[in-house]
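Got a few minutes to look at a model together? Have a look at it first, and then we can go through some questions.

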Amino acid sequence: MRMVGLTGGIGSGKSAVAQRLEALGAVIVDADKIAREVVEPGTEGLARVAEAFGPGVLDPSGALDRPALARIVFADDEARRRLEEITHPLVRGRTAELVAAAPPDSIVVNDVPLLVEKGMSHLYSLVLIVFAALPTRLDRLMRIRGMSRDEAMARIGAQATDEERRAVADIAIENDGTPEELDREVAAAWERVCAA
Ligand code: ADP
């Protein structure tokens, strides 16, 4: 069992890399997906979030109203800390379950958007980071994800810088070219992971 971390700034192509790694045989553990799962309707996580922040964080169907919760924790560090005290142990527990369920000789790739921001690189034997130049990222976020230029710049600016990412990257995947070039970049990175 090898524990690999994968990250990259928004629009870098991290998800595109995760898909390719999965096709090459990696077991992908998706941190965003787990973070959503632990507060799905019917979970202990959602019950505790509603208890802590009130029924205003639930939508009429009883699911988490993410924008409402975001408004509460956005400007209030104490509220954010309380939220994380509820969700982080649940995310860690579910992550550990998924890792434990992977076959013993697996290479587990943990897809973690905020790996660098949260200082998590020590959790992995190897850290893979996807890079793309600012114009490439802006183009993807605006053209494919429909963001405005300001929104895309704000999302990029709220994350770690490329310098901060380079400082913890064991393997860098450059993604400014075509999908076929990315196939080759990822295949080369996977060979290095397997050989490490
Ligand atoms: P991230 O997860 O880093 O935010 P994604 O992997 O979702 O980024 O990529 C953003 C968008 O750009 C997606 O629609 C993806 O298919 C596209 N994309 C990623 N890499 C390439 C590439 N090399 N060529 C063309 N489109 C790409």
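The questions below cover the ligand shell and the domains of this predicted model.

Q: Which helix gives the most residues to the shell around the ligand?
A: Let's start with the shell, where 15 residues surround the ligand. The closest of them are Gly13, Lys14, Ser15, Arg145 and Asn175. The helix that gives the most, with 3 residues, spans residues 14-23 and is helix H1.

Q: How many residues of the shell around the ligand are polar?
A: Sorting the shell by class gives 4 nonpolar and 3 charged residues. Gly counts as polar in this sorting. The polar count is 8.

Q: How far is an oxygen atom of the ligand from a polar backbone atom of Lys14?
A: Here it helps to look at the backbone atoms one by one. A backbone N or O atom of Gly9 sits 3.5 Å from a ligand oxygen, and one of Ser12 sits 3.3 Å from a ligand oxygen. For Lys14, the distance from its polar backbone atom to an oxygen of the ligand is 2.7 Å.

Q: What share of the ligand's exposed area does the protein bury?
A: Take the ligand alone as the reference: it then exposes 560 Å². Of that area, the protein buries 76%.

Q: How much area do domain 1 and domain 2 bury between them?
A: Domain 1 covers 1-26 + 106-196 and domain 2 covers 33-104, with their C-alpha centres 24 Å apart. Each domain puts 6 residues into the contact. Carbon and sulfur atoms hold 54% of the buried area, which is about 450 Å².

Technical notes. Residues are numbered from 1 along each chain as its sequence is written. This is a predicted model: local features need pLDDT of at least 70, side-chain atom pairs count only at pLDDT 80 or more; totals for chains, interfaces and linings use all residues. Side-chain values use heavy atoms; hydrogens and water are left out. A residue is near a molecule or strand if one of its heavy atoms lies within 4 Å of it. A polar contact is a pair of N or O atoms within 3.5 Å; within protein, one must be able to donate a hydrogen and the other to accept it, and residues adjacent in sequence count only if both atoms are side-chain atoms. Accessible areas come from the Shrake-Rupley method with a 1.4 Å probe; for residues, only the protein chains shown count as cover. Helices (H or I, at least four residues) and strands (E, at least two) are DSSP runs, numbered from the N terminus. Domain bounds come from an automatic or database domain assignment. Contact means heavy atoms within 4.5 Å. Buried area is the accessible area (1.4 Å probe) that two parts lose on being put together, summed over both.
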